[in-house]
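Let's take a casual walk through this model, starting with one helix and moving outward. Have the structure open while you read.

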Amino acid sequence: MALSLYVDNTRWRAHQKSVIDQFPGLIPVCKGNGYGFGHERLSEEASRFGADMLAVGTTYEAARIKDWFGGNLLVLTPFRRGEEPVPLPDRVIRSVSSVDGVHALVGARVVIECMSSMKRHGVLEHELGQLAGAIENVRLEGFALHLPLDRTDGSDAVEEVIGWMDRLRAARLPLHTMFVSHLRAEEQARLQQQFPQTRFRARIGTRLWLGDHDSTQYRGAVLDVTRVSKGDRFGYRQQKAASDGWLVVVAGGTSHGVGLEAPKALHGVMPRAKGVARAGLATVNRNLSPFVWAGKQRWFAEPPHMQVSILFVPSDAQEPRVGDELVAHLRHTTTQFDRLVDH
């Protein structure tokens, strides 16, 4: 009995192809938990559709994935002087976001990150003059821009990239390849048309692997069902049942990522109101689980355990049976499944 990730391979791969067709030269991203699929599975998929490069988050991920993917590996986390050395093959390319980092990577293959409006990391405009000498001692694969997802100020992503292209050109730096993130297909096409001598390569993860929500589904198997009456005590904390119903033990707990939620940026009155309502219910131990039974998300009976969750299903619903599977609305990037089922 397990928390399973079901994948409709035909549909999932059709979506992958649609994204690849829109972004010539696409570099798939495989970082974190492999977007819920795992590093090995995504490495296999990238090899299957012929990717020549795979982007990973850290050097530690590169050290693991190198055994599953035979092409170039681009490490997205920028190099920092003094970091722990990790043995890596020559096909690994390091991102660098400072002039000092370029000087420290003599002989290495590097992509130099420019400071975008994300303001996360990158070389600044006034530092470009120092790069001309520094890049003589590295193997420059290109420059990169990691752009924001939302532009609430009305600014234009293409104009931001053009601005950096102009600055790099003015500093007499090579513009053979520009790595970009979070551009739309038509935006990349505009840039490619304006700069035909530069190859634009989109680094894409979420849109590639998770863009078709209906191609995947998490399901937790029912392990036990116990009838309870109003007032019966149960669980670690011996709380009382609020009404008649069933305690349903389902595969999927904190070790799988159940009950863990990444913070969300809320926009608008309604989402904020719902957030306040959820917080209010949580203060009286009412927390909605991600598991669905009989068309409704069911409440946790108590906080999820390490490998299972206990749900409360009221008596007016159909009784779950051991072996049934409950669909679970879980975030791929924070979930660890027990098994992956292709269908």
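What should the 14 residues of helix 6 (residues 157–170) span at 1.5 Å a residue, and how far apart are its end C-alpha atoms? The expected span is 20 Å, and the end C-alpha atoms are 20 Å apart, so the two agree. Bear in mind that this is a predicted model.

**Helix 6 and its surroundings**

Much of the interest here is in what gets tucked away. In helix 6, the buried residues are A157, V158, E160, V161, I162, G163, W164, M165 and L168. A bit of helix geometry is handy when reading that list: an α-helix has 3.6 residues a turn, so residues three or four places apart point the same way. As for what does the covering, the elements include helix 5 (128–134) and helix 7 (185–194), along with strand 7 (139–146), strand 8 (177–181) and strand 9 (199–204).

The N-terminal end of helix 6 has a cap: a side-chain oxygen of D156 sits 2.9 Å from the backbone nitrogen of V158. Just past the helix, R172 takes a positive phi of about 60 degrees.

**Two residues with positive phi**

R172 has a counterpart worth putting beside it, Y35, since both are non-glycine residues with positive phi. Are they buried or exposed? Here they are together:

| Residue | Phi | Loop | Relative accessible area |
|---|---|---|---|
| Y35 | near 55 degrees | between strand 2 (27–28) and helix 2 (39–48) | 6%, buried |
| R172 | near 60 degrees | between helix 6 and strand 8 | 77%, exposed |

With a relative accessible area of 6%, Y35 falls under the 20% cut-off and therefore counts as buried. R172, at 77%, is over 50% and so counts as exposed.

**I204 in strand 9**

Strand 9, one of the elements covering helix 6, is home to I204. This isoleucine has a relative accessible area of 6%, so it is buried. Which residues does I204 touch, leaving aside its neighbours within four places in sequence? The contacts are with V19, F23, L26, I27, P28 and V29. For a sense of distance, I204 and H343 are 139 residues apart in sequence and 25 Å apart in space, C-alpha to C-alpha.

**Empty space**

Rolling a probe the size of a water molecule over the atoms shows where empty space is left. The second largest pocket holds about 840 Å³ of space. It is lined by 29 residues, and the closest to its centre are H146, L149, S181, H182 and T206. Strand 9 and helix 8 (206–210) each supply at least two residues of that lining.

There is also 1 cavity of 30 Å³ or more. The largest cavity has a volume of about 60 Å³, and its lining consists of E113, C114, M115, S116, M118, K119, R120, H121 and H146. H146 turns up in the linings of both the pocket and the cavity.

**The chain as a whole**

Zooming out, the protein chain has 9 helices and 18 strands, and its C-alpha trace spans about 75 × 45 × 40 Å along the principal axes. Of its 343 residues, 46% are buried. Among contacts with a separation of 6 or more, 66% come from residues 24 or more positions apart.

On the annotation side, an unreviewed UniProt entry lists residues 21–153 as "domain: Alanine racemase N-terminal". That span is 24% helix and 21% strand, with its end C-alpha atoms 30 Å apart.

Note on methods:
Residues numbered from 1 in each chain as written. Predicted model: local features only at pLDDT ≥ 70, side-chain atom pairs only at ≥ 80, totals over all residues. Heavy atoms only, no water. UniProt positions renumbered as here; feature names shortened; annotations may be inferred. Helix = DSSP H or I, 4+ residues; strand = E, 2+ residues; numbered from the N terminus. Expected span 1.5 Å × (residues − 1). Buried < 20%, exposed > 50% of the residue type's maximum accessible area, 1.4 Å probe, protein only. Contact = heavy atoms within 4.5 Å. Polar contact = N/O pair within 3.5 Å; in protein donor to acceptor, adjacent residues only side chain to side chain. 1 Å grid on protein atoms, 1.4 Å probe; cavity = no way out; pocket = protein on both sides within 12 Å on 5 of 7 lines; lining within 4 Å. Points joined across faces, edges and corners; volume = space filled by probe spheres on them.
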